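Visitor: I would like to go through this model and ask what stands behind the terms used for it.
Guide: Then let us start with the display.

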Amino acid sequence: MILMNDFKAEPPEIREAMYAAVKRVLDSGWFILGKELEEFELCWASTCGTDYAVGVGNGMDAIEIILRSLGIGPEDEVITTGMTAFATVLAIARAGATPVLADIDPETGLMCRKSARNCFTPKTKAIILVHLYGQVRDMASWVALSQDLGVKLIEDCAQAHLAQADGTVAGAFGVAGAYSFYPTKNLGAIGDAGAIVSSDEQLIDTAQRLRNYGQSLRYHHPDLGMNSRMDELQAALLSVRIRWLKPFTDRRQEIAETYFTNISNSRISFLAVPQNPCAHAYHLFVIKCEQRNKLQEFLSKNGVQTLIHYPIPIHQQISMTSISRDPSGLKRTEHFANTCLSLPCHPQMSDEDVAKVVKLVNDFPG
Ligand SMILES: *Cc1c(COP(=O)(O)O)cnc(C)c1O
């Protein structure tokens with residue numbers, strides 16, 4: 001079976017380096033908020049080109065903490081997309097704010113600017129732009145729109161590690177970026193972890209307090225914070241795994257290139273090809289097919305695992321049926337959810353695996 005992720009197939013050097021990192025942490029006798037986290041935070045900030053990074057418990061908390069650090073909460077509205085991980089929208093709700101869903105651009109699956117404008121009200125305080133599948137697109141236009149509307153631009157970078165446009169890395173375009181290091185992300189921990197990146201010193205100060213019970217100095221709690229700290233073990237493991245992030249991202253981009261060049265079946269369409277390959281981290285390689293379910297079954301029967309990101313748009317979740325949205329509706333999101341399919345595109349795939357996926361997709365009889 002060709003899988004969507006295959007950690008057991010990772011190079012043995014990674015495993016060896018991770019064992020050494022685990023030993024280092026165990027031997028240190030220090031497990032929370034220590035040198036390993038500080039080191040990883042410096043490294044991640046420099047990777048993203050921001051002044052600071054704050055390690056937190058997971059990607060969802062990263063979004064909630066960013067919102068709370070900006071003072072966004074009850075009475076405030078935050079615009080985002082209905083085609084995203086549930087965590088994006090749940091984080092807005094957890095911060096006490098009101099999520100408002102914009103429709104997507106079917107060419108990319110990303111939030112549509114016209115629809116985002118349609119969602120704007122005097123209560124709007126921020127736009128959370130999700131770099132879905134790893135795509136960083138039209139950033140100058142998003143920065144301009146957020147300035148025009150007078151709202152904060154926050155980036156959900158959970159799928160976009162190292163994706164960059166015009167020399168700027170995901171997370172450095174807006175006021176802050178939220179990263180997830182969930183194991184299956186392009187940079188994954190051995191458990192849950194996340195980070196906030198920003199060059200806004202005040203936001204970072206507040207975020208550092210909020211992740212640690214709202215504590216400023218020991219036993220002083222000016223804010224009602226959370227417990228959302230990245231632990232030393234995950235930080236040490238991430239400092240190992242980050243050494244493979246660039247070659248692994250290169251491999252994802254190479255696989256995507258092979259798919260673009262060699263898949264040719266009139267029943268299948270691609271998302272828009274990025275102008276520059278660096279602008280897509282290919283966390284997921286997504287195609288569209290009107291007979292999506294049939295295609296998925298065909299691939300599965302022939303030994304290729306696929307997944308759907310996402311089969312149920314946010315506004316169709318039973319906990320979210322009354323969520324605010326673009327008054328014109330979310331028709332494009334709904335159609336996309338019924339036609340999108342994610343093909344395997346992970347760095348452990350061999351050339352033979354990639355060729356097999358290509359051949360099968362091309363052979364899909366419809
Ligand atoms: C994974 C993901 C999240 C949530 O990250 P966790 O670390 O699982 O909390 C948020 N947004 C997007 C787009 C994601 O893919």
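Guide: A polar contact is a pair of N or O atoms within 3.5 Å. Keep in mind that this is a predicted model.

Visitor: What makes Gln159 a polar contact of the ligand?
Guide: A polar side-chain atom of Gln159 is 2.9 Å from a ligand oxygen. The cut-off is 3.5 Å, so the pair counts as a polar contact.

Visitor: How much of the ligand does the protein bury?
Guide: The ligand taken alone exposes 380 Å², and 89% of that is buried by the protein.

Visitor: Which elements give two or more residues to the shell around the ligand?
Guide: Helix H3 (59–69) and helix H4 (86–94) do. By class, the shell holds 7 nonpolar, 6 polar and 2 charged residues.

Visitor: How do you know that Asp156 makes a polar contact with the ligand?
Guide: An N or O atom in the side chain of Asp156 lies 2.7 Å from a ligand nitrogen. That is within 3.5 Å, therefore the pair qualifies.

Visitor: What does Met60 offer the ligand?
Guide: A polar backbone atom of Met60 is 2.9 Å from an oxygen atom of the ligand.

Visitor: Why is Ile32 called partly exposed?
Guide: Its relative accessible area is 39%. Buried means under 20% and exposed over 50%, so Ile32 falls in between.

Visitor: Where is Ile32 found, and which patch does it help make?
Guide: Ile32 is in the loop between helix H1 (12–28) and helix H2 (35–48). With Leu26 and Phe31, Ile32 makes a nonpolar surface patch of about 290 Å².

Methods. Residues are numbered from 1 along each chain as its sequence is written. This is a predicted model: local features need pLDDT of at least 70, side-chain atom pairs count only at pLDDT 80 or more; totals for chains, interfaces and linings use all residues. Side-chain values use heavy atoms; hydrogens and water are left out. A polar contact is a pair of N or O atoms within 3.5 Å; within protein, one must be able to donate a hydrogen and the other to accept it, and residues adjacent in sequence count only if both atoms are side-chain atoms. Accessible areas come from the Shrake-Rupley method with a 1.4 Å probe; for residues, only the protein chains shown count as cover. Helices (H or I, at least four residues) and strands (E, at least two) are DSSP runs, numbered from the N terminus. Ala, Val, Leu, Ile, Met, Phe, Trp, Tyr, Cys and Pro count as nonpolar, Asp, Glu, Lys and Arg as charged, and the others, Gly among them, as polar. Patches are made of residues with over 30% relative accessible area and no salt bridge: like charges are joined within 9 Å, nonpolar side chains (Val, Leu, Ile, Met, Phe, Trp, Tyr) within 5 Å. A salt bridge is a side-chain nitrogen of Lys or Arg within 4 Å of a carboxyl oxygen of Asp or Glu. Buried means under 20% relative accessible area, exposed over 50%, partly exposed in between (1.4 Å probe, protein chains only).
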